[in-house]
Every structure is written in structure tokens, then in C-alpha cells.
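Colleague: Got a minute? I'd like to walk through this one with you.
Modeller: Sure, pull it up and ask away.

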2 protein chains.
Amino acid sequence: MKIALAQLNFHIGNFDQNKEKILKAIEQSKALGADLVVFSELAITGYPPRDFLEFDDFIDQSKHAVEEIASVCTGISAIVGMPATNPNPKGKRLYNSAAFLSEGKVQKIIHKTLLPNYDIFDEYRYFEPNTVFELVELHDRKIALTICEDIWNVEKNPLYTVNPMEELMKLNPDLMINIAASPFNYEQAERRFQVLNHNTEKYHLPLFYVNHVGAQTELLFDGGSMVMNAKGKVVDVLNYFKEDLKVYDLKDVEQSKGTSSITKVSKSALIHDALVMGIRNYFQKLGFSKAILGLSGGIDSAVTAALAAEALGAENVYNVLLPSPFSTEHSLKDAKELVQNLKMPSDVISISDAFESFNETLHPFFKGLLFDVTEENIQARIRGVILMALSNKFGYILLNTSNKSEAAVGYGTLYGDMNGGLSVLGDVYKTDVFELARYINRNKEIIPENIITKPPSAELRPDQKDSDSLPEYDILDRILYLYIEKRKGPAEIIAEGYDQQLVNRILKLVNINEYKRYQTPPILRVSDKAFGMGRRMPIVAKYLS
Amino acid sequence: MKIALAQLNFHIGNFDQNKEKILKAIEQSKALGADLVVFSELAITGYPPRDFLEFDDFIDQSKHAVEEIASVCTGISAIVGMPATNPNPKGKRLYNSAAFLSEGKVQKIIHKTLLPNYDIFDEYRYFEPNTVFELVELHDRKIALTICEDIWNVEKNPLYTVNPMEELMKLNPDLMINIAASPFNYEQAERRFQVLNHNTEKYHLPLFYVNHVGAQTELLFDGGSMVMNAKGKVVDVLNYFKEDLKVYDLKDVEQSKGTSSITKVSKSALIHDALVMGIRNYFQKLGFSKAILGLSGGIDSAVTAALAAEALGAENVYNVLLPSPFSTEHSLKDAKELVQNLKMPSDVISISDAFESFNETLHPFFKGLLFDVTEENIQARIRGVILMALSNKFGYILLNTSNKSEAAVGYGTLYGDMNGGLSVLGDVYKTDVFELARYINRNKEIIPENIITKPPSAELRPDQKDSDSLPEYDILDRILYLYIEKRKGPAEIIAEGYDQQLVNRILKLVNINEYKRYQTPPILRVSDKAFGMGRRMPIVAKYLS
């Protein structure tokens, strides 16, 4: 039996396009002699469709699209992820399902048992968990067909009280197929390998694993679909960050020796590739081609511009240098050098006149009061107005350039530099932004060395440095990581050797700035705990604050 | 046996304050001769604590606070909502629980069975559902103690396959107690009554129901705790929108005839009271006292100002009139009249100079191009900069004045009039804003009649009217309601008699403007489907768009 894995980039709710992609892949697989072609979780809708699942019209359209796909499945079978209606009047009205299409019809629908409902996942919001276990049969082979999380209940303290593979093993399957929408983070490919390895080693069955690929707003699906033999060895891995389609003969897989691990890739390389795909897909799927951003001469906007240039083409990245009375000569020079290195369009627009105008307008109210964060924010907001005006007039999407360290402690101006349609670096700590800059420069200097080595500054008052109000970034980032990614409390963080006052101050900053993060753009997610849909905090609270 | 219901306004994560409130209520109840005092769901943490529940430190603090409360429970018992640790290594690590405190100790912990995970609820994100059923005994009375959703599985197509009260009835309880955090919407008090009535009629037991009261950012808890006799009649209802504590003798309740319904209150009155509480608590709990808003002379900002004046005191609501070259004389006049009616502080700050300054700055880039939405947005954004500058300098919270109709179709400027710490009317359709204005004027004219009767306009270009680009609000709002609240598809809406092109255009506007709503302030929720945490949509999608 020959099995094709179709790792495709679907567009949420775009049934026509998703259907066409699936039909084309079926045709290709057929031409390659496949008996079965497997698509990823909720392929027909794109993942995650979120509350569109509450619309009957949306469910009907999914169903019709799958029926149309089924009608071409002659001489080949297909497995397509789709939402299916729960016939039982009790329980949620939908299942997260895999339709087995064969001989021109939907022959069987298998439902997901374990519904992830943590971090970015909300599956129990929509779906009823499966409780009945059965196999799919094709050409005398019995397939244990599961959906994503179904094979992930392998921890020492498992999140679920059921284990679907244990149930399916009672029915004596010959192989495992898992269809997934497993989003990227820089540790996920390795974790995924461990989980697949655990399942194949435990159940002594080969496994065909198909993952979603492509970006869905903030969620980045890295693909990396995989075939494993019954001994936990990797037979093959599909592309990361790109669509792919490959056919495997089950006999070859059964006989293959395979390899013991997947290729190790550096954290910076992974983040780089993920962000480039994230930018590219965001623009493509929204029907835009051109980005605008404010280039300050600092490292965050420089890295954002370089990533955008790779994602969209340098000619499509419009860099606006917006010097204020406090901008330094070297910042302007550094920014211009970057623009030249990448041959990107750019302009210089001084904000001094607008700043003066606001100061005059506000003078009757502010007279006698000192220059403070208000005036810093005015400068950032004027930049926001200018960038948005250019965006509105010419159809750019504004890229946000804030990093995760700033977003965490609220070091940024709401409606100013926190603006944008998409936050590129909002899940990348400052120390990792530096690493990313080095990675971008791995072959030649793209980001001027001076941008990487000079002390970070917002340049919103004379001689300002980030370190005036924040600790050094290596300390800040470590404390933030322990609090945000690892959910450590103050006592545990202090026990790692950090100053008590500093820890308390930073955790307080994180918590009191929740109101700012509530209004920031979607953030491309590269860690296992990003701000946004994966981290849901009350704004009005009094905890460590 | 005497039972006290303590309906209190808790502050999320503010363990010291929540504990003090509970201790004080225990003392009061004791003084009133109560044998048992009942607090609402997750009383010790405030509801909803969201991802703070993932922090061990947060769970430990809850536990210690409840233990301290238990230590004073001598001569009286108490039921306190708290998160409890799941001792089973399988499943989620917490339960949503009710601790029964008696004789100085935590005697028993009862867990919630039905975990709401729809709309604004995320309980399965944190909690394992209960599967073991037991009663609580006090003074020879057996109590069926349940938590909120546990008694709500009464629909024809129930959301859950289990019914906890059916299980508890097998143990022959004498009465029911339900502790809840049931958020307000303008239909919720009636629905809640129906559910309580259903349970008491079905199980022939009296029911003591304690609800949370107070606002938690966008969620408004209206209280309305209730005592019902075994025949489904209402014995008493506690305050709506206010803290309350009352003691009931079980014998009196058993003998009471009660009434068949709760008092009907108009939709506008409910929305009014809810919004006033929402504004007030948002400020109190964040430690602010003063609001700022841009007063345009239109109805949305007028209603927002009137509500804020009631919530915070008129002297704490600073109204800034920000005329542009396109503002009309009558708008300024109407706005000033409102300010005078309520004796609120105000200033007039022209945005003309700043507008001119931006036009000059942008002239090299825009020359030869027509005035379009860009220039409209610049005006709105200048207002945003000025309001935020005043807010930053003097410590105001900016109130957002957008209504639900605008938010739905994207009729507003991101980083402009969509700014604010809190959206007051973001869940109130324009037609309901008019009703609300009439309600505010029920005793005397507060909002000038002209503001209510003139045609709505953004006044961002000469002679602009909302109806230039939008249908009349009664039509628009009805289509939006069917799509947003009722999740109807285009065919169903058209079948109600609306023009096909218009329906398609409006649904498309709603969907393509998801990116704007992603960045708006938290919206006080008054309907059963508000924008924000209760409606989760993909930004990048292609469905009806």
C-alpha cells in the first residue's frame, strides 16, 4: 500500500481554495501511484477556525466541500480533517474529525478524543470528545487513525484520563496515522519527534504523521510531517515551513532502518524561518504585498525590516525614518546603512514640526509642568500617526517592531510604537533579537554592526538609554522567562539568585501592563508561551502588583 | 437552621482584601445568628482569575487564605469558592471547588462537575470535571452543594452528558445550595430565574443561590442572589449590582409561599445600571478616580459622559471638546450644553493646528492626491494623541465612546477614536444607545434633545453623515444582531427580508474588520455575545469576506 502525505497551507474559511488544493493533491498522489493520501487536521476549514465553527453556514460549507472531494476519490482514498456534526442531542454539537473518503463517498468519520484546551488551544469550546474507538480498513490493512493531541497523552502526569491509542491497540491495528495541526515554537519539532518516537516504540507500529503548514495570523505551523517505522526510527521528514507532498510504500517503511533523530537546527535559525513565513503568509492571505515600518536605527526595527525584506522582497518594505529632536546622528546613519544594504525604499520624515505643534496646542494645559513620559509618548504617537497615514493612503500594512522584553514590562507607547497590523518580534526577547541579528548577518553584514553593538535607547529624551529604567537585558530576560514561560512565582525566581526588589518590581511591571498588551497587534508566536491568545490574564487584578 | 447569603464584590488576586471581606461577612452573619454563610464561586480569588491559575504561588495563596478563614469558623460554618488541587496524577491539576469550613477547619471540598467553556468561559482550560458525588451535612440537614453551571444543564439539547443534580438526588438531600459567578447580560436575570425555577420545581427542594457581584474588567456580575422554596417560588432576591448580605431561616423558607417571578426591569435600565457599575469598579479596582473623554456633540460620547458622571461623580469626568475644521457649530453647542447640565469639567482644544502641521509634513508624499479616509483618520488620531497626553500628564483613564454598530463594521479609527482604557458602549448597538439616552433623560433633560434627534455624523469631512456610507441604524443593527448574537448565515438573514447585497456587504465588513477589534479596549459586556473574550475570530480568514 502506498500512502501520500499532503502537507498543505490552508486558508481559514476559504473553502474554494482549500478544496482546490486538496483536489490537486489527490490528483498528484494518484499520478504517483498512491492508494491513500492524508491531509492535516481540519484541512477543509484551515486551523483554527475559532468561532466560525458556531455558524451552521460554515459547517454546511465544510461538509459540502468534503462531499465534493469524496466524489473524486475513485481509485484512491483520502483522509481529510473536517468538523463533523454530533448526532447525539447531548453534548457539544460538533466533533473534530477525520473523514475517510473512498469509492466516491465519505465511508467513515473518526473523531478526536483528546481536545487540547490550554495555551492557544480552545478545542473543548467547540467539540465533544470521542468515546467510541474503531479502526479504518484499506486494502486489508487496519489503520489506527488519530487526530493530533490523541497521541500526545504521554507525560508522567497526563492531562487526560483516557489514552486513545491504548483503546485502539485492543483492535489490533497494522499502522498508525495521525493528522495534526501542531503549531511551531522553537522547541516543538524536537518535542514532536519525542512524542512520535514514544508512540512508535510503545506500540511497535509504523506511523504516518501529517502536520499543517503555514501561518494563521499569530500561529505558525511548521510542517515537518514525518514517517516513522515500528521501532521509533525516522524514515523521512517533509519540509519545514513549506508545502510538501510525498508518497511512501508501506513495505519500504516497514523495512527501512531509519535514523534515530531529526536534524538539529539552531534556535535563531528556527525563529528566523518561522517569522519569515509568518510575515509572508499574513500579507498573502490578507491580499496585501507591501509593508511599512518606522526604522529608528535601533536593533528591533532593523531586524524587523530584514525579516520583512526576506518575506516580501526588499522592494516591498518601505522604511520611514522619523527623527525627533532627540534622535542621534548615528541612529539616522545606521538606519540609512541598513536601507542601503538591503536596497529597500525609504524616506526621512522629521516629527519636529508636529511635536512643536502639539506642544503649542497643549501649552495652556501643561505650562509650568516638567517634560516627562507624556512628551516621550507624544513623539511615539506622532510617528504612529504618520506611519498610519502613509499606510492608509497607499495600502501598506504597518509592521510593529516591539520585542517581548518591552511588551512584558510595558516599555512602549500605546497608540505609538505599539501600533501595527502584525507584531513580528513580540515573542522574541531582546537578547534573542541580538542573536537573530547575528543570524541574519551569518553570510554578510546586512544589519550594520553598530546597530548590534550600541546600547539600546528609545531616544525620546536627551541621552536616554534603556538601562536608565530597566535592568540589563540578560537579567531582565531571564526573570521574564522564568515568570512568563515557566510560571514561577517570586520566591522561586529569587531562589535562583536574583535580587528580591528587582524581581518584585519586574513582576509588578508585567502585571500592571496587561492593559497595554490587551491592545497590541497579533504577535507571531515562536515560544511556548507568547503574549496574546496563549496567555489570558485579567486586566483588573491585584496580584504581585 | 439559618443560612446567610453573602453577595460580595471581590478583586481578582487581591487575597488580603477578599479575605478581609469574607472574614467581615462571617462576623456579621454570626451576629445575625446564622449557622452557615455562603459565598460565591471562586470567592477567594475573584472570578475569573484566568491564567493566574497556572501559577503555584497563586494557588498556594488561595489555599492559605481559605485556611485562615476556616480558623475563625467556630460557632458558624461557611462555604467559600476556591481552586483546589487535584490529587490524581491524571487530568488537569485543579478543580473549581467549594470549601465547606466548620469547627475551625476545612471539612470537605466539593468540586464542580460542569465546566463552561463557551462564550466568555474558559473553565476547562484550568479545571478537571468532578465525577464523584457527595452531600454536605450540617445540623442534620443534607445539602446538595453545586457550583454555578452544575445546575444549568437543563436545555432540550443539553451541552453536557452528565447532570450533577440527578446524581446528588440519589443521596436524598434536604436542600440545594449553588454558588455562582454568573455574568450579566440584559437577558440573564430572567434566564437565571428560569433555571433556578426549573431546578426547584423538578427536585422539590429549596435552593439558596449566591452570585458574584461587581465588575471584573469587561465582565459585569449583577448579583441578584436568590432564595427559592421547594415549589419553584421566589422567597427573596438580593440586590442587583450591589453587595448584599441576608440571613434566612430554613423553616421560614420551607413555609414561605413566595412569588412566581422576579421583577421585570427594562433593557435600558439594566444596561444603564450594569455600565455604571462597570465603569465604577474598573476605576476603583485599578486605583484611579478620574476619567477623560473626547466629547464630540454626538450621542455616543454624550451617553458615555453621562454614565461616567453617575459612576465617578460629575466632577471626576473631564470632557475635552476637540473641534476640527469640519466640526459644526451645533456640535460644539450641544456638547457644551451637556457639560453644563451635568456640571462637568471641560475644555475646548482645537485640532486645526496639529492637523495643518501633519498636512504640511505629509505634503511631499501626498501632493496631488485627493482628501480621503487618510485625512479623516489623521483628525481622529490627533484627538487620540491629545487625549492620551492629558491622560498621561494628569492620571486620567481615557474612556472609549465607540458603540457596537461601529465596532462591528469598522466605522472608527484605530489609534484614534478607538482609543481608551475601557469601552463603555462597545456592546451597545446604536439604536440601543438612543434608548439609553432616553432612559438617562427619564426624569429631566440631561442629554440635550438635539443630540438625540440630529442625524449621526463623524464630522471628519464637510457635510458628512453616517448614512452616507452605512444603512439606517435600525436595519444595520438588526442584521448585525442576527449575525453576531444569533450566528445566522447570509441565507437565513436574507430570508428575514433584507436585501441580499446589503447583507453580504455588512457581513463582509464585520469579518474584514476583525483586525481593528483585536486592538480595541476591553468592552463592558451587556449582551450575550459581546466583542472581546466572548467572540474569538481569526483575523486572517476568507469567509463571507
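Colleague: How far apart are the centres of domain 1 and domain 2 of chain A?
Modeller: They are separated by 40 Å, taken over C-alpha atoms. Keep in mind that this is a predicted model.

Colleague: Which residues belong to which domain in chain A?
Modeller: Domain 1 covers 2-258, and domain 2 covers 270-466.

Colleague: And how many residues are in contact between domain 1 and domain 2 of chain A?
Modeller: Domain 1 of chain A puts in 10 residues, and domain 2 of chain A puts in nine. On the domain 1 side, strand 10 (213-216) and strand 11 (219-222) of chain A each supply at least two residues. That side of domain 1 has six nonpolar residues, three polar and one charged.

Colleague: Now the two chains. How many residues does each one give to the contact?
Modeller: Chain A gives 79 residues and chain B gives 79 residues.

Colleague: Which helix of chain B gives the most to the side that touches chain A?
Modeller: Helix 10 of chain B, with 14 residues. Other helices of chain B each supply at least two residues, including helix 2, helix 6 (267-286) and helix 9 (352-366). By class, this side of chain B has 41 nonpolar, 20 polar and 18 charged residues.

Colleague: Let's stay in chain B. What is the strand order in the six-stranded sheet?
Modeller: The order is 5-4-3-2-1-14, in an open sheet with mixed pairing. Strand 5 (105-111) and strand 14 (244-249) of chain B are at the edges, each with a single partner strand, so one side of each has no neighbour in the sheet. From one strand to the next, the twist averages 30°.

Colleague: How does strand 1 of chain B pair with strand 14 of chain B, parallel or antiparallel?
Modeller: Antiparallel, over six bridges. As an example, Ile3(B) has Tyr248(B) in strand 14 of chain B as its bridge partner.

Colleague: Which strands does helix 1 of chain B lie across?
Modeller: Strand 1, strand 2, strand 3 (77-85) and strand 14 of chain B. Helix 1 runs at about 35° to strand 14 of chain B. Helix 2 of chain B lies across strand 3, strand 4 (94-102) and strand 5 of chain B, at about 160° to strand 3.

Colleague: At what angle do helix 1 and helix 2 of chain B pack?
Modeller: About 20°, with their axes 10 Å apart. That makes the two helices of chain B roughly parallel. Their crossing is right-handed.

Colleague: Which residues of helix 1 of chain B make that contact?
Modeller: Phe15(B), Lys19(B), Ile22(B) and Leu23(B). From helix 2 of chain B, the partners include Ala65(B) and Ile69(B). The residues of the contact between helix 1 and helix 2 of chain B are five nonpolar, two polar and two charged.

Colleague: Now a second pair. At what angle do helix 6 and helix 12 of chain B cross?
Modeller: Roughly 85°, and their axes come within 9 Å. Helix 6 and helix 12 of chain B are therefore roughly perpendicular to each other. Helix 6 of chain B uses Ser268(B), Ala269(B), Ile271(B) and His272(B). Helix 12 of chain B uses Asp432(B), Glu435(B), Leu436(B) and Tyr439(B).

Colleague: There is a five-stranded sheet too. What is its order in chain B?
Modeller: 17-16-15-18-19, an open sheet with parallel pairing. Its edge strands are strand 17 (346-348) and strand 19 (422-423) of chain B. Strand 16 (residues 317-321) and strand 17 of chain B pair over three bridges. In one of the pairings, Val320(B) is matched with Asp347(B) in strand 17 of chain B.

Colleague: What does helix 10 of chain B touch on that sheet?
Modeller: Strand 15, strand 16 and strand 18 of chain B. Its direction makes about 165° with that of strand 15 of chain B. Helix 7 (residues 299-312) of chain B lies across strand 15 (291-294), strand 16 and strand 18 (397-400) of chain B.

Colleague: Backbone oddities next. Which residues does the cis peptide bond in chain A join?
Modeller: Tyr47(A) and Pro48(A), with omega about -5°. Pro48(A) lies in the loop between strand 2 (36-38) and helix 2 (56-71) of chain A. In chain B, a cis peptide bond joins Tyr47(B) and Pro48(B).

Colleague: Last one. What is the phi of Lys343(A)?
Modeller: Positive, at about 55°, although Lys343(A) is not a glycine. Lys343(A) is in the loop between helix 8 (329-342) and strand 17 (346-348) of chain A.

How values were computed
Residues numbered from 1 in each chain as written. Chains lettered and ligands numbered in written order. Predicted model: local features only at pLDDT ≥ 70, side-chain atom pairs only at ≥ 80, totals over all residues. Axes fitted to C-alpha atoms, helices over the stretch in contact; angles between N-to-C directions. Helix = DSSP H or I, 4+ residues; strand = E, 2+ residues; numbered from the N terminus. Parallel < 35°, antiparallel > 145°, perpendicular 65-115°, else oblique. Left-handed = near helix turned anticlockwise from the far one by under 90°. Contact = placed C-beta atoms within 7 Å. Nonpolar A, V, L, I, M, F, W, Y, C, P; charged D, E, K, R; others polar. Domains from an automatic or database assignment. Pairing = 2+ DSSP bridges.
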